[in-house]
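Hi,

Here is the structure I promised to send over. Have a look at it first, and then read on for what turned up when I went through it.

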Amino acid sequence: MSALTASSLFTSSALRESKTTTTSSTSNKNKNKKNSSSFVVCRSQKQQQQKTSASSEKSISLLAPSSSKNECIQQIAAKSKAPPPPAATGPTPTQIAAGVFAAAAIGVTARKAMKKKAKKIVIAGAPASGKGTQCELIVKKFGITHISAGDLLRAAVAQGTDDGLKAKEFMDRGDLVPDEVVVNMVKSRLNEPDCAGGWLLDGYPRSASQAEALSSYGIEPDLFLLLDVPDEELLERVVGRRLDPVTGQIYHLKFFPPPDETVAKRLTQRSDDTEEKAQNRLKVHHANVNAVLSKYKNIMKTIDGNRQKTTVFKEIEGLIKSM
Ligand SMILES: Nc1ncnc2c1ncn2[C@@H]1O[C@H](COP(=O)(O)OP(=O)(O)O)[C@@H](O)[C@H]1O
């Protein structure tokens, strides 16, 4: 692999969208003086009531020559026992028209936003297949909430919570953390408000039981991305992976070395990034992945992850855009 390819693969962060209420426009007002065939829209009291008691689509508007505008207003006011509006006060026709158009625009925007479908995506792949890197690019492009099961677990370990203590020994070995810990952790995170607009779930589900648990909570993704990278490549990526705890930058000793000695000296290695543990993580991945894939085969897209990160992302971007 070239240094360029590798640097692309290892630059991820470490932890990874009227009708007819208008009276007249200014230009109409001017035209009305010259042209009696110009129209303004008036609405009777009854029609006003219809508007408030029913949806705007059901309201009926009265088209009248502009010359009878005042007469019309007087009639409506008399019926409603309310005094007629003062002739020269209140918003000008231009202001009213602007308000109507603004309200209509807001309505259209709100409807578009409501129609915009939340994107629910799962990204899967073996250890070091580039999930974190692609997640970072997806979040940047689409603003979707990223949830990494591995990050949730590492945070629990760092905080020393009960779940964290339970998870640690499994993570250290490269084994899957038991469902009793990870399932609720992910479910709770998916129920947080920032996930209402969609989510990108990374590293979950990793087993048939986790996939079943997700379904049992009524949580179903619309797209399942699988990053496919040969095992030999994965192992090389894993064992050379290093973290700069100061900047969060991920380097690779061979493919994307640190820029200078100072940075090189402070690099740390994930405790499960040793060859032995990575071998086990790969074994665990292969043992479980097929069960997960069979559950999501209708929405699954396999991506060749053994390419530059920008090339991989282009393919993913196209798939997400077409959702
Ligand atoms: N869905 C999960 N179920 C059980 N354990 C998990 C899950 N996701 C992550 N883990 C644990 O956290 C470790 C690190 O996961 P992660 O950061 O996603 O890295 P990788 O994808 O390289 O395995 C895994 O080896 C495993 O021990």
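First thing to look for: how many Å separate an oxygen atom of the ligand from an N or O atom in the side chain of Arg-206? The distance is 2.5 Å. Please keep in mind that this is a predicted model, so every distance here is computed from predicted coordinates.

Staying with the ligand, Lys-131 also reaches it through its side chain, with a polar atom 2.7 Å from a ligand oxygen. Val-177 takes part through its backbone instead: a polar backbone atom there is 3.0 Å from a nitrogen atom of the ligand. On its own the ligand would expose 540 Å², and the protein buries 98% of that.

The shell around the ligand holds 19 residues, and the closest are Lys-131, Arg-154, Asp-175, Arg-206 and Arg-281. Sorted by class, the shell has nine nonpolar, seven charged and three polar residues. Helix 7, residues 149-159, supplies the largest share of this shell, with four residues.

Now the overall picture. The chain has 323 residues, and 39% of them are buried. It contains 14 helices and nine strands. About 18,000 Å² of the chain is exposed, and carbon and sulfur atoms supply 56% of that area.

Five of the strands make up an open sheet with parallel pairing, in the order 4-5-3-6-9. Strand 4 (145-148) and strand 9 are at the edges with a single partner strand each, so one side of each has no neighbour in the sheet. On average, neighbouring strands in this sheet are turned by 20° against each other, ignoring direction.

Strand 3 is a good place to start reading the sheet. Five bridges join strand 3 to strand 5, and five bridges join strand 3 to strand 6, residues 223-228. Both of these pairs run parallel. Ile-121 has a bridge partner on either hand: Leu-200 in strand 5 and Leu-223 in strand 6. Val-122 has Leu-201 of strand 5 as a bridge partner. Strand 3 is largely enclosed by the rest of the structure, because five of its seven residues are buried.

Over at strand 4, four bridges link it to strand 5, and the two run parallel. Here Ile-147 stands opposite Leu-201 of strand 5. In a regular strand, side chains alternate between the two faces of the sheet. In strand 4, Thr-145 and Ile-147 point one way while His-146 and Ser-148 point the other way. Which are they, buried or exposed? All four are buried.

A few loop residues are also worth finding in the viewer:

- Ala-128 sits in the loop between strand 3 (119-125) and helix 6 (131-142). Its phi is near 65°, a positive value in a residue other than glycine. Ala-128 has a relative accessible area of 12%, so it counts as buried, the cut-off being under 20%.
- Pro-205 is in the loop between strand 5 (198-202) and helix 10 (208-216). The peptide bond leading into it from Tyr-204 is cis, with omega near -5°.
- Gly-305 is in the loop between strand 9 (300-304) and helix 14 (309-321). With a relative accessible area of 3%, Gly-305 is buried. Gly-305 and Gln-134 are 171 residues apart along the chain, but their C-alpha atoms are separated by 9.7 Å.
- Pro-230 is in the loop between strand 6 and helix 11 (231-239). At 33% relative accessibility, Pro-230 counts as partly exposed. The C-alpha atoms of Pro-230 and Ser-129 are separated by 8.8 Å, with their positions 101 residues apart along the chain.

If you want a route through all this, begin with the ligand and the side chains of Lys-131 and Arg-206. From there, go on to the sheet, following the order 4-5-3-6-9, and leave the loops for last.

Cheers

Methods. Residues are numbered from 1 along each chain as its sequence is written. This is a predicted model: local features need pLDDT of at least 70, side-chain atom pairs count only at pLDDT 80 or more; totals for chains, interfaces and linings use all residues. Side-chain values use heavy atoms; hydrogens and water are left out. A residue is near a molecule or strand if one of its heavy atoms lies within 4 Å of it. A polar contact is a pair of N or O atoms within 3.5 Å; within protein, one must be able to donate a hydrogen and the other to accept it, and residues adjacent in sequence count only if both atoms are side-chain atoms. Accessible areas come from the Shrake-Rupley method with a 1.4 Å probe; for residues, only the protein chains shown count as cover. Ala, Val, Leu, Ile, Met, Phe, Trp, Tyr, Cys and Pro count as nonpolar, Asp, Glu, Lys and Arg as charged, and the others, Gly among them, as polar. Buried means under 20% relative accessible area, exposed over 50%, partly exposed in between (1.4 Å probe, protein chains only). Two strands pair if DSSP finds at least two bridges between them. Axes are lines fitted to C-alpha atoms, for helices over the stretch in contact, and angles run from 0 to 180 degrees between N-to-C directions.
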